[in-house]
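Work through the following exercises with the sequence and the coordinates at hand. Each task sentence is followed by a solution that proceeds step by step.

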Amino acid sequence: MSPINHSLQQTRLQETLTNAFERLARIKNQTELEALRAEFIGRQGVLARLMDELKTLSLEEKRVQGPALNELKKTLTEAFTAKEVELLQQLLEQKAARASSFDVTAYRPGSLQGSLHPASHIIEEVENILISMGYEIIDGPEIEREEINFEALNIPKNHPARDLQDTFWLTIPHLLPRTHTSSVQIRGMQQRQPPLALATTGRCYRQEATDASHDFVFMQCEILLVDKKISLANLFATAKLFLQGLFKQEKLELRIRPSYFPFVEPGLEMDMSCPFCSTGCSVCKKSRWIEIGGAGLIHPHVLKASGINPEEYSGFAFGFGLTRLIMLKYGIDDIRHLHSSKVDFLKQF
Ligand code: DAH
């Protein structure tokens, strides 16, 4: 072996090593590392080429260069492995640093802004109008006693009128999810002395098959006035003023039809002129009238059951479906949207 050739080989190995270490020091991630590894110790890398060249050398040269090349390969392989461990370590440290400085209380859900549910809007509006008319807003329990939901409202046990409302019964005797807010009339009258002007809004429950316009839970509003010499004229005037205020229409008209509700006598159903059209539309089904709810003069049995003397006092009661009113007012075509919690639906209000 000539000394020139020998030292030339040595220099190339030394250069390869220096070059590899310099570039390894600048590596920042796993991808770069893999590329560099392939370039140097991959199957077609620098080292593989040097190995190929080895075959062309004399036996003597091979004896020197062979072990030197193996040594170089070992050094480089170890250096690459060390770098890989170092990168992994860095990654873990970064993750840990991020986790420790993550402030959950600083979470801000993008541009999603909360808004009132349409039911809350209507309740607020209804109550404001009634308060402005001198009514006291009262509340009653959703789980009600049978005697208040039925008996005190002149609906005795085994009376066919009980079948008008499909009741959910609890396993606890004589308790039920109230079927109407008329129960709150009784509580209001029992706890106070006339004259009374009371109103309530709230959820009611009935065994209904659910579809676009029926649900087993829905909201009602109940309005009650008890004083001396209260007549149907007071009822009409009140209902009209209230609906005109709610639909912001001075020209809104009322129509009545005779009906039967055990707790009022006479009992009637009320329709309002369609607030959305004058010639017939899809909301009023081209009839120009929309059913609103039931009403009447409080039955003497009901006044008596609440400790009020029917000889001295009379009153009216008016109840309507608040959920239906919400759907009418906002043009909601499926009752199930109202408790779906769908953001796309809710953010419209
Ligand atoms: N409680 C009745 C129902 O849920 C509605 C009703 C009818 C309420 C007549 C009243 C009334 O106050 O006078 O079907």
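The exercises below concern a predicted model, and they take up a ligand site, a pocket and two individual residues.

**Exercise 1. Determine which residues come nearest to the ligand, and describe the polar contacts and the burial of the ligand.**

Step 1. There are 16 residues around the ligand, and those that come nearest are His 180, Ser 182, Arg 206, Gln 220 and Glu 222.

Step 2. Sorted by class, this shell consists of six nonpolar, eight polar and two charged residues.

Step 3. For the polar contacts, begin with Ser 182, which places a polar side-chain atom 2.9 Å from a nitrogen atom of the ligand. The side chain of Gln 185 has an N or O atom 3.4 Å from an oxygen atom of the ligand, while Gly 319 brings a backbone N or O atom to 3.4 Å from an oxygen atom of the ligand.

Step 4. The protein buries 91% of the 360 Å² that the ligand exposes when taken alone. The elements that contribute two or more residues to the shell are α7 (182-191), β5, β8 (289-298) and β9 (314-321).

**Exercise 2. Describe the volume of the second largest pocket and the make-up of its lining.**

Step 1. The volume of the second largest pocket is about 250 Å³.

Step 2. Its lining includes His 117, Arg 203, Asp 215, Met 219, Thr 323 and His 339. Two elements, β5 (217-227) and α10 (322-330), each give two or more residues to this lining, and the largest share, three residues, comes from β5.

Step 3. By class, the lining residues of the second largest pocket divide into seven nonpolar, three polar and two charged.

**Exercise 3. Decide whether Thr 323 is buried or exposed, and identify the backbone atom that its side chain approaches.**

Step 1. Thr 323 belongs to helix α10 and is among the residues that line the second largest pocket.

Step 2. The relative accessibility of Thr 323 is 7%, and because buried means under 20%, this residue counts as buried.

Step 3. A polar atom of the Thr 323 side chain lies 2.6 Å from the backbone nitrogen of Met 219, and Met 219 is likewise listed in the lining of the second largest pocket.

**Exercise 4. Classify Phe 40 as buried or exposed, and state how far Phe 40 lies from Gln 244 in sequence and in space.**

Step 1. Phe 40 is located in helix α2, which spans residues 30-41.

Step 2. Phe 40 has a relative accessible area of 1%, and therefore, with the limit for buried set at under 20%, it is classed as buried.

Step 3. Between Phe 40 and Gln 244 the separation is 204 residues in sequence and 87 Å in space, taken from C-alpha to C-alpha.

Notes: Residues numbered from 1 in each chain as written. Predicted model: local features only at pLDDT ≥ 70, side-chain atom pairs only at ≥ 80, totals over all residues. Heavy atoms only, no water. 1 Å grid on protein atoms, 1.4 Å probe; cavity = no way out; pocket = protein on both sides within 12 Å on 5 of 7 lines; lining within 4 Å. Points joined across faces, edges and corners; volume = space filled by probe spheres on them. Helix = DSSP H or I, 4+ residues; strand = E, 2+ residues; numbered from the N terminus. Nonpolar A, V, L, I, M, F, W, Y, C, P; charged D, E, K, R; others polar. Near = heavy atom within 4 Å. Polar contact = N/O pair within 3.5 Å; in protein donor to acceptor, adjacent residues only side chain to side chain. Areas by Shrake-Rupley, 256 points an atom, 1.4 Å probe, with all protein chains shown as cover. Buried < 20%, exposed > 50% of the residue type's maximum accessible area, 1.4 Å probe, protein only.
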